[in-house]
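Biologist: Could you take a close look at one part of this model for me, the strand pairing towards the end of the chain, and then work outwards from there?

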Amino acid sequence: MNPRDRVRVLSFFVLSAIGMAILALAAFYPASLSARARSSAAQAGNERGAIAHHNALLLGAAWYPEQWPESRWDKDLSLMEAAHITFARVGEFAWSRMEPSEGKFDFDWLAKAIDMAAQHHIAIVLGTPTAAPPAWLTQKYPDTLRIGQDGRRAQHGNRQQFSFTSPRYRKFCAEIAGQMAKRFGHNPNVIGWQIDNEYAEPSFDDYTKELFQQWLKARYGTLDNLNDRWTTAYWSQTYDNWSEIPLGNGPNNPGLRLEFMRFISDTWASYQQNQIDAIRPYADPRQFITTNFMGFFEWFDQYVVSKALDLASWDDYVGEGQVNPDMNGLTHDLNRGLKHKNFWVMETQPGAVNWAGINNFLNRGEARAMAWQAIGHGADAVEYWQWRSALNGQEEYHGTLVGPDGTPVPFYSEVKEIGQDFAKIGGEFRGTTPVSQVALLYSYDSRWAIDFQQHSDKYDQLTVLRDYYAALRKRAQSIDVVNPYSNLDAYKLVVAPDLNVLPEKLAQHLLAYVRQGGNLILGPRSGMKDQYNALLTQRQPGYLVDALGGRVEQYYALLKDVPLSGEWGNGDATIWAEQLGASNPDTQVLLRYGATNGWLDGQSAVLTHAYGKGRITYIGALLDPNLMGKAADWMIRESGVKPAFGPVPDGIYVSRREGQGKTLFVMINFRRQEQHVDLPHAMQALLAGREESSVDLPAYGVEVFLDRR
Ligand code: GLA
Ligand code: GLA
């Protein structure tokens, strides 16, 4: 199964617990903004210190020298160099070449490839090959193979067939990763490591179950406690032995299911740590360690798994259709928020993929626009997957830069153009990073809790998140997406569209933010559950009811839109509506429902209340796009957020990076016709190489402005 289908199938299992065949679409800051900008920029700088001979922005390709005769390598590397490709990721599926039989290692070929790349000024990111165990390993030790949800053992022939808990598999992983590090940990041309590739598939074997039970025991202490937190009196679920507790997939108790997702997250973290521990002692500190995440993939908590990494990175694929700049920007920001610093796009599509329904090609110029969008959002590298397709293997149809004949395909020219851009102006980006006044909170607990019990199959959290993001991004032009437990002090506005799981500790954290002057916006379904995914005994938003001076009286999944009117104008509630009730005379009603089911008629839909030096606002309905825009206008105004750049026409997308005493704006025209943009004042247009006070951007056109004011 290809990765993208896999995402969809996994989502299916999460959501199908209630029997519905719904497919999902598939740290702390220093206290002040300026301190934060400085520290992120410094961190970003350190990361790149080791590769100072390269541009601050790196362009890469996934290269598989093990698939080709050595005599071909120089040709490939020459073509890469000619496109200004400055790094290649290699090795991540080459286990059978690195360890052809148990305990016999061969890295000479890899050393040669790395050296040859160095001659072409191409740095190397080394992938550990553990997503593709060799046949000898799984044949001799079938216990290393994962068990699927259907109870069947995976077989050799695809990838990701290993069990993430298997001690024997982990031993082999540590061995190969350690051997690689011993050989390449001081290689000057190796700049970093990618552990494994796209963690995804848990195993549902008996050993994993035992580990889960032990994990629960460590967490809950006693079965009485667990039984109580999960309300196991319901349907005779009561456990009197830890060994009775099942894995948390399937239509199970919501408490059990939430803990199972947390267990999976911890297990991937320890799977990864096993390899970090094998590499770190032999690797120069300048070599970063990362892994490639998959956007909003929901089968583990990326905040947990990214903790031990030096750098976050992700694989940015469009699949079918064209790029949605808001969704893509949101996902970049999710990645930047993982480590609160710049990140990498470790893979992106060279035109087309092979795993979508219809594998259409990106429009000419669209990939370049995407590359620059990534940079604008804080990426310091963009890598194309893959350089050249293997002549056989599961991905023969996937996009590449070079054809089966070994010469460039048309798309190569677009990558070359990006390479020229990076070579020309990449240096300006060194030590810069986006700095935002707005934070959007994203919580895995809440995402899981809602997905387990959607209540309306139209309630898609990624769409909700994207709608909030799009409205706010358009106005603020810069947003951080962060873990709700992050330090929020630097933000003028904090928006939590879906904070369903809101335990007391998190409520206190949010209240502290509001008390010192923050503006907190909560979307529907907020403050309903505790950390065990149990219903709170207060009405929503739970521990925030007093601060809000109001509460949710009742929630309603909607069959059809309900009219809304008030301070933000007129429009509709869609998909979801909550009847709110104010309990404090100072609480203001911003929107009310019109006539509908009788229950909602004339009732409050949005409440706002001053609290401490700040304000807390609860939006009880999903809003139509126009009203969402009005709501965003109000949020921005109320919290005094300044747009990063200033007014631009629709379809023009601006991002800002700051640091080293300068400001850079990346401007992209995502429309397919030319657009004229007036700048707030004259700036240096770096790509054009001249001072400009306005610009005409062609379809998918890009300009980068240096603002020294
Ligand atoms: C059935 C069951 C009840 C309950 C309801 C919910 O009637 O017997 O236990 O689950 O459905 O609608
Ligand atoms: C993922 C994988 C790559 C490749 C691409 C194809 O990102 O990491 O190995 O399979 O998908 O799009």
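Modeller: Let's start with Leu607, whose bridge partner in β19 is Tyr618. Keep in mind that this is a predicted model. That pair belongs to a ladder of 6 bridges between strand β18 (residues 604-611) and β19, and the two strands run antiparallel. They form a hairpin with 2 residues between the strands, and Gly612 there takes a positive phi near 55°.

β19 has another partner too. Strand β13 (residues 519-522) is joined to β19 by 4 bridges, and this pairing is parallel. Here Leu520 stands opposite Ile616 of β19. Either way, the general rule applies: strands of a sheet pair through backbone hydrogen bonds, parallel or antiparallel.

How many of the residues of β19 are buried? In β19 (residues 614-619) it is 6 of the 6, so the strand is largely enclosed by the rest of the structure. Look at which way the residues point: Gly614, Ile616 and Tyr618 go one way, while Arg615, Thr617 and Ile619 go the other way, and all are buried. Yes, that list of buried residues includes Arg615.

Now for the open sheet elsewhere in the chain. It has 9 strands, in the order β5-β4-β3-β2-β1-β9-β8-β7-β6, with parallel pairing. The edges are β5 (288-290) and β6 (292-293); each has a single partner strand, so one side of each is left without a neighbour in the sheet. Further in, strand β1 (residues 58-62) is joined to strand β9 (residues 379-384) by 4 bridges, running parallel. In that pairing, Leu59 stands opposite Val382 of β9. Helix α7 (residues 167-184) packs on the sheet and touches β3 (123-127) and β4 (190-194), with its direction making about 175° with that of β4.

α7 also packs against α10, at an angle of about 35° and with the axes 7 Å apart. The crossing of these two helices is right-handed. On the α7 side you'll find Tyr169, Arg170, Cys173, Ala174, Ala177, Gly178 and Ala181, and they meet Thr267, Ser270, Tyr271, Asn274, Gln275, Ala278 and Ile279 of α10. Sorted by class, that contact has 8 nonpolar, 5 polar and 1 charged residues.

Follow α10 and you reach a further helix contact. The axes of helix α10 (residues 254-279) and helix α15 (residues 444-452) come within 10 Å and cross at roughly 140°. That makes α10 oblique to α15, because only angles over 145 count as roughly antiparallel. This crossing, of α10 and α15, is right-handed. From α10, the residues involved are Pro254, Arg257, Leu258, Met261, Arg262 and Ser265; from α15, they are Asp445, Trp448 and Phe452. By class, that gives 5 nonpolar, 1 polar and 3 charged residues.

One last stop is Asn227, which is found in helix α9 (residues 223-229). Asn227 has a relative accessible area of 11%, so it counts as buried, the limit being under 20%. Leaving aside residues up to four places away in sequence, Asn227 touches Thr232, Thr238 and Tyr239. If you want a sense of distance, Asn227 and Leu391 are 164 residues apart in sequence and 56 Å apart in space, C-alpha to C-alpha.

Key:
Residues are numbered from 1 along each chain as its sequence is written. Chains are lettered from A and ligands numbered from 1 in the order in which they are written. This is a predicted model: local features need pLDDT of at least 70, side-chain atom pairs count only at pLDDT 80 or more; totals for chains, interfaces and linings use all residues. Side-chain values use heavy atoms; hydrogens and water are left out. Two strands pair if DSSP finds at least two bridges between them. Contact means heavy atoms within 4.5 Å. Axes are lines fitted to C-alpha atoms, for helices over the stretch in contact, and angles run from 0 to 180 degrees between N-to-C directions. Angles under 35 degrees count as roughly parallel, over 145 as roughly antiparallel, 65 to 115 as roughly perpendicular and the rest as oblique. A crossing is left-handed if the near helix is turned anticlockwise from the far one by less than a right angle, and right-handed if clockwise. Ala, Val, Leu, Ile, Met, Phe, Trp, Tyr, Cys and Pro count as nonpolar, Asp, Glu, Lys and Arg as charged, and the others, Gly among them, as polar. Buried means under 20% relative accessible area, exposed over 50%, partly exposed in between (1.4 Å probe, protein chains only).
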